[in-house]
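I opened this model to look up how its sheet is put together and what packs against it. My notes follow in the order in which I checked things.

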Amino acid sequence: MMTSSVSSSPLSYSSPTPSPELIKINSNHKTYYIEIGLTILFLCLTIPSLFFLTLIYHRETTFISTSLAIATTTTTTATIIDSSFIKSTYQQKNFYRKSLFNYPQARCMDDSIASYYIRLSNNNNSYWLIYFDGGWFCYSKESCNLRRIYSPNLITSNNMNEKKSFIGIFSSLKQYNIIYVPYCSSDLWSGSSNKTYSHGYDIFHAIFDDLKFDKQFQKAKQIIFTGFSAGGLGLLLNLPNLLKKFSSTIDLRVIIDSGWFIDYSGSINGITKINEAMIYWNTQIPSTCQLKPQYKCFLGSEAIRLFPSHVSILIIQSLFDQTQLHLDKLYINSNDFSLKLIENLRQSSNRISIFAPACSIHGLLFRSLWSQFNIEQRTLASVLNIWLKRTKRTHVQLIDNHFDSSFCPHREDDDDDDGI
């Protein structure tokens with residue numbers, strides 16, 4: 001093309017014997033056309049390459065930002081990952097109550113019939129979250145009588161509405177079918193006693209027996225078992241045996257929110273009190289746990305060893321958990337307790353993912369601002385999103401080791417649901 005362009009130039013036919021000046025002009029035009037041709041060639045090669053690289057970059061950055069990147073936040077705002085799993089929204093369907101009347105042993109502490117709530121996603125999804133609530137426990141006739149007086153909603157199902165809405169993580173997992181299980185047995189989901197009306201173990205297992213008849217639950221591809229406080233302790237005790245009954249093709253995951261208690265030597269009314277309570281409740285110890293004394297079956301660092309290796313586990317635990325400090329009669333600024341808690345978490349670091357901020361509150365996921373908790377500007381929402389998408393047994397672990405890198409948002413009305 002360049003040859004044709006040059007030969008067709010009027011300058012090439014001006015004289016058979018061109019003058020030196022004409023030859024000079026011809027040479028300049030040849031150089032000019034060559035430069036144009038090289039420029040066109042360069043553009044033809046680079047523009048498609050740039051376009052292709054732009055597509056790759058856009059695809060990679062989109063993937064990272066929606067699924068793997070840890071969102072950053074300031075102390076006033078937080079970026080919530082807008083992914084197919086987590087989305088912050090307050091427009092949600094109601095949860096509907098389902099009674100366990102077909103299970104005579106599934107009774108609350110006042111002998112009322114236990115219930116649970118269920119909310120199905122809009123698109124008949126195969127993802128499920130099952131949440132067991134907390135509320136500590138009573139361990140004797142006297143302490144349970146006090147519970148009836150001061151915490152009546154924690155011993156009965158009579159005050160439960162037929163439908164209910166929730167904030168916190170319940171309004172964020174838009175594609176999940178969610179089951180919420182109220183806590184009314186006061187026995188860490190472990191008892192089976194008609195004498196003391198302790199039936200947490202019976203309620204726990206009645207729910208999964210009831211779900212056997214749910215056609216949609218039978219199609220589950222992922223199930224997240226979540227427990228808050230006493231609910232987390234109940235999962236640590238009951239799940240190792242229960243999980244063996246599920247198909248190995250299901251992605252089974254466990255979240256323990258504020259239920260990682262340690263056997264602290266200064267404890268007075270805390271975890272070691274459970275040993276006395278277990279007799280009162282007639283606690284059903286799973287065959288997989290042979291620890292002595294038996295209360296150690298509730299300790300995270302011990303119970304975690306009994307879980308099937310293919311189950312992913314996330315521990316969410318405040319390092320200055322006010323409930324643990326209060327029940328153990330420790331000072332809120334007791335760094336000794338927090339350092340021992342960090343050490344205890346690290347002992348299981350080869351098995352669990354961890355989000356441990358230096359906060360003083362008890363429970364994160366049920367709070368309206370749950371997604372904004374962060375450590376070094378890495379939000380709980382982003383950590384949860386990464387954990388949900390990981391299929392390999394690699395762990396996400398964030399611990400505020402120096403107690404100075406956490407953001408702990410707080411709203412007074414959230415404390416109304418605190419399971420102390």
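These entries go from the sheet to the helices and then to the nonpolar cores.

Entry 1, the sheet. I kept in mind throughout that this is a predicted model. I traced the strand order first and found ten strands in an open sheet, running S4-S1-S2-S5-S3-S6-S7-S8-S9-S12, with mixed pairing. Strand S4 (163-164) and strand S12 (397-399) are at the edges, and because each has a single partner strand, one side of each is left without a neighbour in the sheet.

Entry 2, one strand pair. I then looked up strand S3 (residues 127-132) and strand S5 (residues 177-181), which run parallel and are joined by five bridges. Within this pair, I noted that Leu129 is opposite Ile178 in S5.

Entry 3, helices on the sheet. Helix H4 (residues 200-211) lies across strand S1 (95-99), strand S2 (115-119), S3, S5 and strand S6 (222-228), and I recorded its angle to S3 as about 160°. Helix H5 (residues 230-242) lies across S3, S6 and strand S7 (251-257), at about 125° to S6.

Entry 4, the cores. Which residues have the most contacts inside the largest nonpolar core? I found Ile223, Phe225 and Phe246 in that role, in a core of 72 residues. H5 supplies the largest share of this core, with seven residues. I followed Ile223 further and, leaving aside residues up to four places away in sequence, listed its contacts as Trp128, Ile130, Phe217, Phe246, Ile250, Asp251, Leu252 and Arg253. A second, separate core has 35 residues, among them Met160, Phe373, Trp387 and Val396.

Technical notes
Residues are numbered from 1 along each chain as its sequence is written. This is a predicted model: local features need pLDDT of at least 70, side-chain atom pairs count only at pLDDT 80 or more; totals for chains, interfaces and linings use all residues. Side-chain values use heavy atoms; hydrogens and water are left out. Two strands pair if DSSP finds at least two bridges between them. Helices (H or I, at least four residues) and strands (E, at least two) are DSSP runs, numbered from the N terminus. Contact means heavy atoms within 4.5 Å. Axes are lines fitted to C-alpha atoms, for helices over the stretch in contact, and angles run from 0 to 180 degrees between N-to-C directions. A nonpolar core is a set of buried Ala, Val, Leu, Ile, Met, Phe, Trp, Tyr and Cys residues joined through side-chain atoms within 4.5 Å. Buried means under 20% relative accessible area, exposed over 50%, partly exposed in between (1.4 Å probe, protein chains only).
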